[in-house]
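Thanks for coming. I will go through one model this morning, starting with a small point and working outwards.

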Amino acid sequence: MKKIIYSALLLIGSLSVFAQSDDVEEVEVKGKVLYVDQVNSLKPPVPILDVPQSVSVITDEDIKDKGFREIADIIRYSPGVNTSQGEGHRDAVVFRGVRSTADFYQDGVRDDVQYYRSLYNVEQLEILRGPNALLFGRGGTGGLINRVSKKAEIGEAFGSFDFGADSFGAADLAVDANFTTSDTTAVRLNLHTDQLANHRDFYEGERYGINPTVKIVAGDTIVDLSYEYADHERFIDRGIPTANNRPVESLKDVVFGVEGLNLQTLEASILRANVAHDYSDNGKFNMSFTSSDFKKMYKNLYAAGYDASANTVKLDGYLDPTERQNMILNANVVNEFSNGSTSGTLLVGLEFVDTDNKNYRYNTFFNNRAGSDAGEPTDQQIFNITRPLNISKTSTGLDSKVDYTTDLKSSSESDITVTSFYLQGDIDFSDSWKMIIGGRLDSFDITVTDVKKSQDQSRKDDMFSPRFGVIYKPVDNMSLYVSYSESFLPRSGEQYKKLDASGAALDPDVFKNTEIGYKYDISDALTFSAAIFDSESTRAEKDNDTGELNEIRGLEVEGVEIELSGDIDDQNNLTFGYTSLDGVTSKGTKQPRELPNQMLSLWYSYQANETFGFGLGVTHQAESFIKDTSDGSAGPALPDYTRVDFALHINASDNDVVRVHIENLTDELYYPHSHSTHQVSVGESLSARVSYSRRF
């Protein structure tokens, strides 16, 4: 099968590259067009106004002006999504109630390893809500985040550096330089280094990244080459316990981890190549190749239990190394067609993914057990709560030591191949009526080897994911749409770690989304959008009594999203988002976790004159449950909160900008998310960051 796919892709590429046409001209519209629509465009690319789903786009200028340092900062000011803790070592997002640590993409290619992604080389970041399997590939179960990378630009010579430091002691430096090396080639270099710090004890870390890119134009063909190397290390903070269904405020300054034992490291090498070729006035060929090698490790201690009366905490933990190699090859052909009053584009594509994944999990191994089994080893231990925690003595006074290499819980090796065929038509029936229709057929084949048990489990799924949307445009700057889309998640999970006997027999989870929306370009710089949606996931479960497979409603969420974004005039800029969510899970008997019923965000910027400008941001999140909670019960919950941010920028000259960002201006004590009952994250306290940007 691999040879067939390779041969087909190379044949299509060879036929297209050697076709004749006029010189190609690349069209680039930042912030107004999704990456996939820009890549697949033949003429002016499809604007977001004509995309039948809820979308938010954040440019690199937005990231700088608002002081965003990570993806979680962007999510806070975006409707329809909220953050999840990710156990303190990875980006994690809740898309309309669906949690994910894998629905991340870079230049349209799946980037599913669990880590914190840097923003130093991001041209724009796109948040698409609702299942998105068609164009972005397998995944996108509740939505997805796509980072569009900065690429070399021919005919341009520019550069900049940005340096910043904050009141916690963190500091960062980023450099961006573009060089035109000839009339048809250019080179760009992006690099960064971060020294991490925040309001919590022991929190520290370092991040380095370098990303050179090359662009080559050869007649009708554009080639973009990129290599990225990342080296990250950080302290893992899993948060604080709860009592009486609320975070314990008196413990807000205690870190339930130990320096040296709570650690995450990442080393990654990512090679990307993209080829775009206009083989006729009405046809285009695209090919992308990505090869990546990730080595990630995290180990941690965390609070697994809390006794307020004894002032003790039960600690648990583990060591989890992962190695993953990905090879992703994608090719498609786009053609324009016209038949009387009907016109449009037809996209036909193939994708092949080959992934090798190795994962180990070691339990913590404490040398002494408290209580009647004192002296026996255990994977959990009870300690008195101190600041900092002292784990050299148990709560009963026994000597205590812990290691992560004695108790091997699991060891798995996974081999995954995904072969996909997809087809999409963008059809214009008239100036007012448009339709998008298409589907993606994925053949997902996985074999998981349980190294510890010397057992193999395999499963192959052939899944079809449809997409359909109708758009009505009463005027050029307004659209109304209705859309339907699907995606799926294999039973191996988003990280391919296991496929036990029961899982191998069960069908994948299916995610569906129905949406009605309205978009209005108030001006060239100001846009409004609103969407009403109903999303649901269906999963198969085995009846323990009969052994039969039954399909149940895993999660259903209904909601409303509103967004207003852009320049009101030359001096005023506004970004406003509002989300209302209502969900049920497990046949309607439970309230979903991490699903606040309301979220609101507002960022207002005012340019007083050519030199001074300021911004004020407000985010509000309603109460949300820490875990799925049965109707009528008051389960562990995160209190509602409101946070205020402030920004000031000073244009010292045409090339020099000084920015001041104050986060959590009112010093609100808040808890943005929690991984489990006794692992509640404490939001950052009042802090200030000063940065200096220089263009050259």
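Is Phe614 buried, partly exposed or exposed? With a relative accessibility of 31%, Phe614 counts as partly exposed, because the buried class ends under 20% and the exposed class starts over 50%. Before I go on, note that this is a predicted model.

Let me stay with the aromatic residues. There are 14 aromatic pairs in the structure. In one of these, Phe614 and Phe646 are stacked, with 6.4 Å from centre to centre and 20 degrees between the planes. Phe614 sits in strand β31, residues 612-621, and Phe646 in strand β35, residues 641-651, so the pair links parts of the chain that are 32 residues apart. What about the accessibility of Phe646? Phe646 is partly exposed too, at 24%. Elsewhere, Phe68, Tyr77 and Trp603 make up one aromatic cluster.

Next, the salt bridges. How many does a search of the whole structure find? The search gives 50, and I will show three of them.

The first one on my list joins Lys30 and Glu123, whose closest N and O atoms are 3.0 Å apart. Lys30 belongs to the loop between α1 (2-17) and α2 (35-39), while Glu123 is in strand β7, residues 122-129, and the separation along the chain is 93 residues. Glu123 is buried, at 8% relative accessible area, whereas Lys30 is partly exposed, at 31%.

The next one is between Asp65 and Arg659, at 3.4 Å from N to O. Here the partners are 594 residues apart, with Asp65 in helix α3 and Arg659 in strand β36, residues 656-663. Arg659 has a relative accessible area of 9% and is buried; Asp65 has 37% and counts as partly exposed.

My last example is Arg539 with Asp509, at 3.2 Å from N to O. Arg539 lies in strand β26 (residues 526-542) and Asp509 in strand β25 (residues 509-521), 30 residues apart. Asp509 counts as buried at 9%, and Arg539 is partly exposed at 29%. There is also a network: Arg69, Asp172, Asp194, Arg207 and Arg689 are joined by salt bridges that share partners.

Arg69 takes us to the cavities. The search of the whole structure finds 12 cavities of 30 Å³ or more. I will discuss the second largest cavity, which holds about 410 Å³ of space. Which residues lie nearest its centre? They are Lys64, Arg69, Tyr120, Asp162 and Ala174, out of a lining of 28 residues. The elements that contribute two or more residues to this lining are α3 (60-65), β9 (158-166), β10 (171-180), β11 (185-196) and β37 (687-695). β10 gives the most, with five residues. By residue class, the lining of the second largest cavity has 10 nonpolar, seven polar and 11 charged residues.

Now the strands. As a reminder, strands of a sheet pair through backbone hydrogen bonds, either parallel or antiparallel.

How many bridges join β18 to β19? There are 20, between residues 312-339 of β18 and residues 342-366 of β19, and the two strands run antiparallel. As one register point, Asn332 is opposite Gly349 in β19. β18 and β19 form a hairpin with two residues between them, and Gly340 in the turn has a positive phi of about 70 degrees.

β19 also pairs with β21, residues 402-428, in the antiparallel sense, over 23 bridges. For the register there, Glu351 stands opposite Ser420 in β21. β19 therefore has both β18 and β21 as pairing partners, given that two strands pair if at least two bridges are found between them.

The other sheet I want to show is open and has five strands in the order β1-β7-β8-β5-β6, with mixed pairing. Its edge strands are β1 (55-59) and β6 (109-110), each of which pairs on one side only. Within this sheet, β5 (residues 104-106) and β8 (residues 143-149) pair in the parallel sense over three bridges. The bridge partner of Tyr105 in β8 is Asn146. β7, one of the five strands, is also the strand that holds Glu123, the partner of Lys30 from earlier.

That is what I have to show.

Technical notes
Residues numbered from 1 in each chain as written. Predicted model: local features only at pLDDT ≥ 70, side-chain atom pairs only at ≥ 80, totals over all residues. Heavy atoms only, no water. Helix = DSSP H or I, 4+ residues; strand = E, 2+ residues; numbered from the N terminus. 1 Å grid on protein atoms, 1.4 Å probe; cavity = no way out; pocket = protein on both sides within 12 Å on 5 of 7 lines; lining within 4 Å. Points joined across faces, edges and corners; volume = space filled by probe spheres on them. Nonpolar A, V, L, I, M, F, W, Y, C, P; charged D, E, K, R; others polar. Salt bridge = Lys/Arg side-chain N within 4 Å of Asp/Glu carboxyl O. Buried < 20%, exposed > 50% of the residue type's maximum accessible area, 1.4 Å probe, protein only. Phe/Tyr/Trp six-rings, centres within 6.5 Å; stacked < 30°, edge-to-face > 60°.
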